[in-house]
Amino acid sequence: MNSIEWWLIISIAFAGSLGHCIGMCGGFIVAYSSTKIDSTMSKGAQLIRHSAYNLGRVSSYVILGMIFGAIGSLISMSMEMHGALFIFAGIIMIITALGMFGLSSLIHALERGFSSNSLFKTLFSRLIKSKTIGSFFALGVMNGFFPCGFVFFFAAKAAASASIIDGGLIMAAFGLATVPTLLALGQSVSFFKEIAFRQTMNRIAALAILIYGVYSIYYGLAYFFDLPL
């Protein structure tokens, strides 16, 4: 990928973190902040715990990126399959964007199904009661594997890269770009309660993902037809 694509990925991730991620991960952060973090802790001690959570979350994303990149490399052994992979990734991106616009319930159904899973509930209950730094990291790891439309977009992009390394880097860039917002959320939630602001940033990210999805489908079709690129 060229530098423009990297900046586009980071920009989408950051914009989405101000809208979508606050809604999705905000519940985790508010839950552990009110249960696991003592108000008497110093700011430095609190920052260490929030950082451990985010490190765990980004670690999960990197693993997912490498897995999807590996799957993509196995699928795209021919030019036609490479094109089909881009088309499939584009479709996932469009479905993700429609979900973020509130026009599709498919991804929301997956999210609800995972959160109601008994194993997830049991693990979350154990981690939320522990106050060790390791439990913050583990909670972040669990959060990273939580089904999320925004993650699906970047996972699709990782798969389309057809590379274990690029797949991991794409998901790492996504995760790191969301850290500043979620760190700030952990320290102070007042600014991010502005619903109108969050909705605006969410729509900007969704529009970018929609355009990216259409472009990916077009790029994939170019493998089958003589289309200008």
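Does Ala 177 count as buried or exposed, and at what relative accessibility? At 10% relative accessibility, Ala 177 counts as buried, because buried means under 20% relative accessible area. Keep in mind that this is a predicted model.

**The chain as a whole**

Let's step back for the overview. The protein chain holds nine helices and zero strands, so there is no sheet to look for, given that strands would be DSSP runs of E. Read from the N terminus, the order of elements is simply α-α-α-α-α-α-α-α-α. Of the chain's 229 residues, 44% count as buried. About 11,000 Å² of the protein chain is exposed, and carbon and sulfur atoms supply 72% of that area. As for contacts, take those between residues at least 6 apart in sequence: 83% of them join residues at least 24 apart.

**Back to Ala 177**

Ala 177 sits in helix α8, which covers residues 164-187. What does Ala 177 touch, leaving aside residues up to four places away in sequence? The list is Ile 10, Ala 13, Phe 14 and Ser 17. There is also a pairing with Ile 9 to look at: 168 residues separate Ala 177 from Ile 9 in sequence, yet their C-alpha atoms are 9.0 Å apart in space.

**Two helices, end to end**

Helices α3 and α7 can be checked against the span expected at 1.5 Å a residue.

| Helix | Residues | Number of residues | Expected span | C-alpha to C-alpha, end to end |
|---|---|---|---|---|
| α3 | 79-100 | 22 residues | 32 Å | 32 Å |
| α7 | 149-161 | 13 residues | 18 Å | 19 Å |

For α7 the two values agree, and α3 comes out close to its expected span too.

How much of α7 is covered? The helix is mostly covered, with 11 of its 13 residues buried. Among them are the aromatic residues Phe 150, Phe 153 and Phe 154, together with a run of alanines that includes Ala 158, Ala 159 and Ala 160. Lys 157 is on the buried list as well. Just after α7, Ala 162 takes a positive phi of about 55°.

In α3, the buried residues include His 82, Leu 85, Phe 86 and Ile 87, plus Met 93, Thr 96 and Met 100. Glycines are on that list too: Gly 83, Gly 90 and Gly 99 are buried. What follows α3 is Gly 102, and its phi is positive, near 85°.

**A serine in α6**

Ser 135 belongs to helix α6, residues 133-144. With a relative accessible area of 4%, Ser 135 is buried. Where does its side chain find a polar partner? A polar atom of the Ser 135 side chain lies 3.3 Å from the backbone oxygen of Ser 130. Beyond residues up to four places away in sequence, Ser 135 touches Lys 36, Leu 127 and Ser 130.

**A nonpolar patch outside**

Now for the surface. Ile 63, Ile 67, Phe 68, Ile 71, Ile 75, Met 81 and Phe 145 form a nonpolar patch there, with about 550 Å² of accessible area together. Which helix gives the most to this patch? Helix α2, residues 43-75, does, with five residues. Ile 75 lies in that helix. Its relative accessible area is 34%, so Ile 75 is partly exposed and clears the patch cut-off of over 30%.

Note on methods. Residues are numbered from 1 along each chain as its sequence is written. This is a predicted model: local features need pLDDT of at least 70, side-chain atom pairs count only at pLDDT 80 or more; totals for chains, interfaces and linings use all residues. Side-chain values use heavy atoms; hydrogens and water are left out. Patches are made of residues with over 30% relative accessible area and no salt bridge: like charges are joined within 9 Å, nonpolar side chains (Val, Leu, Ile, Met, Phe, Trp, Tyr) within 5 Å. Accessible areas come from the Shrake-Rupley method with a 1.4 Å probe; for residues, only the protein chains shown count as cover. A salt bridge is a side-chain nitrogen of Lys or Arg within 4 Å of a carboxyl oxygen of Asp or Glu. Helices (H or I, at least four residues) and strands (E, at least two) are DSSP runs, numbered from the N terminus. Buried means under 20% relative accessible area, exposed over 50%, partly exposed in between (1.4 Å probe, protein chains only). The expected span of a helix is 1.5 Å times one less than its number of residues. Contact means heavy atoms within 4.5 Å. A polar contact is a pair of N or O atoms within 3.5 Å; within protein, one must be able to donate a hydrogen and the other to accept it, and residues adjacent in sequence count only if both atoms are side-chain atoms.
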